[in-house]
Amino acid sequence: MLRNIIVTNASMLLLNLIPALPLDGAQMIFSIGYYFFPVARLVFALSALGIVTGISGFLLALYGIAFERILNCSLLIISIYLIVSAKRASNTLLTENILTIVQERMHDMSNIRRIEHYRVSADTLLYELIPCLKHNANVCFSFLREGKANVLEEEAFCCALLKTPSLSISHAYADWTEMQRKK
């Protein structure tokens, strides 16, 4: 019994060290990689690895059920947890590191990248749009305000996000246009 407890705990320790979000191994890799790689890309890679690890574990559990007649409930639960939690952990890391992500993007604006256009409602809060920044593209957000179509480009979005993340996109657009008019 003692041997089974030790093996189970050692297995859980090793599983937790896999560099896949939301596991601790991903947190360790993020803490080191933060200084060497763009944060948004690093978070995206760790999140994708978490989803792939979860799907692999789920398929392994299904294989055990189908061919070996063994039901491994722990593997099924952990796999489903990884699949479901990877996206949420990714969004949490992006939100916690918003300043770094915005600074990286503002510094990198001179590079020509494709533009990803998102249609959002006028009352969408800026911090809800942070996951859009993780791709290697410029972003712009269009919304309707008082029946008129408006577009908030990345530079304005990043400036407003640094200033007040809980601002709605329509208020950020109004602030940006007011600031541009005063210049």
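Which exposed residues does the face of α7 turned away from its buried side carry? That face carries R181 and K182, where exposed means over 50% relative accessible area, buried under 20% and partly exposed in between, with a 1.4 Å probe and protein chains only. Before going further, note that this is a predicted model, in which local features need pLDDT of at least 70 and side-chain atom pairs count only at pLDDT 80 or more, while totals for chains, interfaces and linings use all residues. Residues are numbered from 1 along each chain as its sequence is written, and side-chain values use heavy atoms, with hydrogens and water left out.

**Stop 1: helix α7**

Select residues 169-182, which form α7; helices here are DSSP runs of H or I with at least four residues, strands are runs of E with at least two, and both are numbered from the N terminus. The helix has 14 residues and reaches 20 Å from its first C-alpha to its last, close to the 20 Å expected at 1.5 Å a residue, the expected span being 1.5 Å times one less than the number of residues. Now colour I169, S170, A172, Y173 and W176, which are the buried residues of α7. They cover an arc of only 155 degrees around the axis, which puts them on the same side of α7; the arc is that of the directions from the helix axis to the C-beta atoms. Show β2, β3 and α6 next, since these are among the elements that cover the buried residues of α7.

**Stop 2: the sheet**

Select β1 (115-119), β2 (138-145) and β3 (148-153), which make an open sheet of three strands in the order β1-β2-β3, with mixed pairing. β1 and β3 stand at the edges, each with a single partner strand, so one side of each has no neighbour in the sheet. From one strand to the next the twist averages 25 degrees, with axes taken as lines fitted to C-alpha atoms, for helices over the stretch in contact, and angles running from 0 to 180 degrees between N-to-C directions. Two strands count as paired if DSSP finds at least two bridges between them.

On one side of the sheet order, β1 and β2 pair in the parallel sense over five bridges, and E116 stands opposite V139 in β2. β2 and β3 pair in the antiparallel sense over six bridges, with F143 opposite N150 in β3. Bring α7 back into view, and it can be seen lying across β2 and β3, running at about 100 degrees to β2.

Stay with β2, where six of the eight residues are buried, so the strand is largely enclosed by the rest of the structure. C140 lies in this strand and, at 10% relative accessibility, counts as buried. Leaving aside neighbours within four places in sequence, C140 is in contact (heavy atoms within 4.5 Å) with I115, E116, H117, Y118, V151, L152 and E153.

**Stop 3: the largest nonpolar core**

A nonpolar core is a set of buried Ala, Val, Leu, Ile, Met, Phe, Trp, Tyr and Cys residues joined through side-chain atoms within 4.5 Å. The largest one has 35 residues, and L126, F141, L152, F157, L161 and I169 touch the most other members. Elements that each supply at least two residues of this core include α2 (24-33), α3 (39-67), α6 (154-163) and α7. Centre the view on L161, which touches I98, V102, L126, Y127, I130 and L133, not counting residues up to four places away in sequence.

**Stop 4: loops with unusual backbone**

Most residues other than glycine have a negative phi, and most peptide bonds are trans. Go first to the loop between α1 (2-16) and α2, where P22 lies; a cis peptide bond joins L21 and P22, with omega about 10 degrees. Then select R69, in the loop between α3 and α4, whose phi is near 60 degrees, a positive value in a residue other than glycine. R69 is exposed, with a relative accessible area of 69%.

Finish at the hairpin that β2 and β3 form with two residues between them, where E146 in the turn has a positive phi of about 55 degrees. At 77% relative accessibility, E146 counts as exposed.
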